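Here are my notes for you, written as numbered points. Keep the viewer open and click along as you read.

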Amino acid sequence: MDRRTRQIVDVFCATSDKTPAELQACINRGCPWDQPIPAHSMRAMVPSPTIPLNIAAQYQRHDNLAVLVNKALEEGRPELLESPDLVGKSPAYLAVQKGNPLCLGVMAKAGANLHRAIPHVWQFTNRQHNNLTDPNEVSMPIHHALVRTVVSFTTRTCLCCVKNQKEAKLQVCTQCKMAYFCGGECQKKKWPQHKRVCKKIRKGADLVTFHNEMPKQKLVDED
């Protein structure tokens with residue numbers, strides 16, 4: 001393994017298993033933080049498009065995800081926020097699929113395209129289990145709450161009654177800055193579900209320092 005490949009592997013290992021300080025130190029040493037692992041180093045038949053930012057989402061390392069997201073934004077490379085894995089899943093998609101509100105908060109605050117973050121099947125949060133399952137609000141309440149929050153955020157509709165900004169005066173949740181409500185009644189009705197993810201979304205978002213506020217998602221019918 002040549003020196004460059006070794007450095008790339010070091011970043012991947014730091015992303016999945018080390019602290020944010022250790023990952024940052026690895027980046028500061030000049031290790032390529034934006035490159036996929038070469039196929040030959042993984043004994044793979046084809047090159048993988050997966051970069052460390054996507055690995056952080058796969059391993060549910062919201063702290064290291066924030067380090068890499070901030071680095072991408074500081075370097076003027078927001079396109080890395082959409083970096084796919086082998087089957088095309090973006091980091092934001094993985095955050096919702098795995099039921100991780102911390103990672104979702106990081107990606108939302110970074111300005112990732114959350115229109116691509118609503119999975120058709122969900123995955124257990126334990127990274128040792130890769131079983132996919134159909135959406136079920138009863139057995140997977142965190143996943144369901146995340147999906148509802150993403151839908152509200154990307155469409156700017158009430159989390160409860162689904163009224164849009166033309167039909168009602170919407171207020172964004174003061175905690176997570178993602179869920180919209182048309183009034184106190186709807187907020188009270190949906191709070192038992194939304195509270196499962198609200199504070200953790202905010203906690204993840206606070207790790208992204210490049211933006212002062214949560215960027216709004218562009219509506220699909222906006223120019």
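1. Let's start with a loop: between which two strands does Lys177 lie? Lys177 sits in the loop between S3 and strand S4 (180-181). Do keep in mind as you look that this is a predicted model. The phi angle of Lys177 is near 65°, a positive value in a residue other than glycine. Lys177 has a relative accessible area of 34%, so it is partly exposed.

2. Val162 is another residue to click on. Its phi is near 70°, again positive in a residue other than glycine. You'll find Val162 in the loop between H7 and strand S3 (171-172). With 44% relative accessibility, Val162 counts as partly exposed.

3. Now follow the chain back to helix H7, where you can check a length for yourself. H7 covers residues 141-155, which makes 15 residues, and at 1.5 Å a residue they should span 21 Å. The C-alpha atoms at the two ends of H7 are 21 Å apart, so the expected span and the model agree. Just after H7 comes Arg156, which takes a positive phi of about 50°.

4. Is His143 in H7 buried or exposed? His143 is buried, and it has company: Ala145, Leu146, Val147, Thr149, Val150, Val151, Ser152, Phe153 and Thr154 of H7 are buried too. Try colouring these residues in the viewer.

5. H7 also turns up around a hole. The structure holds 1 cavity of 30 Å³ or more, and the volume of the largest cavity is about 100 Å³. Two elements, H7 and helix H8 (184-194), give two or more residues to its lining. H7 gives the most, with 5 residues.

6. Which residues line that cavity? They are Glu137, Pro141, His144, Ala145, Arg148, Thr149, Leu159, Lys190, Gln193, His194 and Arg196. Sorted by character, the lining has 3 nonpolar, 4 polar and 4 charged residues.

7. Next, the nonpolar core. The largest one has 55 residues, and those with the most contacts inside it are Val69, Leu104, Met107, Leu114 and Met178. Helix H4 (residues 62-74) supplies the largest share of this core, 7 residues. As background, nonpolar side chains tend to be buried together in soluble globular proteins.

8. Pick Leu104 if you want to see one core residue up close. Leaving out residues up to four places away in sequence, Leu104 touches Ala95, Val96, Leu114, Leu146, Val150, Met178 and Ile201. Two of those partners, Leu146 and Val150, are among the buried residues of H7 from point 4.

9. Finally, go to helix H1 (residues 3-17), where you'll find Arg4. Which residues does Arg4 touch, not counting those up to four places away in sequence? Arg4 touches Pro32 and Gln35. Arg4 and Pro32 are 28 residues apart along the chain, yet their C-alpha atoms are separated by 8.0 Å. The relative accessible area of Arg4 is 48%, so Arg4 is partly exposed.

10. Gln7 is found in helix H1 as well. Why does Gln7 count as buried? Its relative accessibility is 13%, and buried means under 20%. Not counting residues up to four places away in sequence, Gln7 touches Gly30, Cys31 and Pro32. Pro32 is also on the contact list of Arg4.

Notes
Residues are numbered from 1 along each chain as its sequence is written. This is a predicted model: local features need pLDDT of at least 70, side-chain atom pairs count only at pLDDT 80 or more; totals for chains, interfaces and linings use all residues. Side-chain values use heavy atoms; hydrogens and water are left out. Helices (H or I, at least four residues) and strands (E, at least two) are DSSP runs, numbered from the N terminus. The expected span of a helix is 1.5 Å times one less than its number of residues. Buried means under 20% relative accessible area, exposed over 50%, partly exposed in between (1.4 Å probe, protein chains only). A nonpolar core is a set of buried Ala, Val, Leu, Ile, Met, Phe, Trp, Tyr and Cys residues joined through side-chain atoms within 4.5 Å. Contact means heavy atoms within 4.5 Å. On a 1 Å grid over the protein atoms alone, a cavity is a set of points where a 1.4 Å probe fits but cannot get out, and a pocket is an open set with protein on both sides within 12 Å along at least five of seven lines; lining residues have an atom within 4 Å of a point. Grid points are joined across faces, edges and corners, and a volume is the space filled by probe spheres set on the points. Ala, Val, Leu, Ile, Met, Phe, Trp, Tyr, Cys and Pro count as nonpolar, Asp, Glu, Lys and Arg as charged, and the others, Gly among them, as polar.
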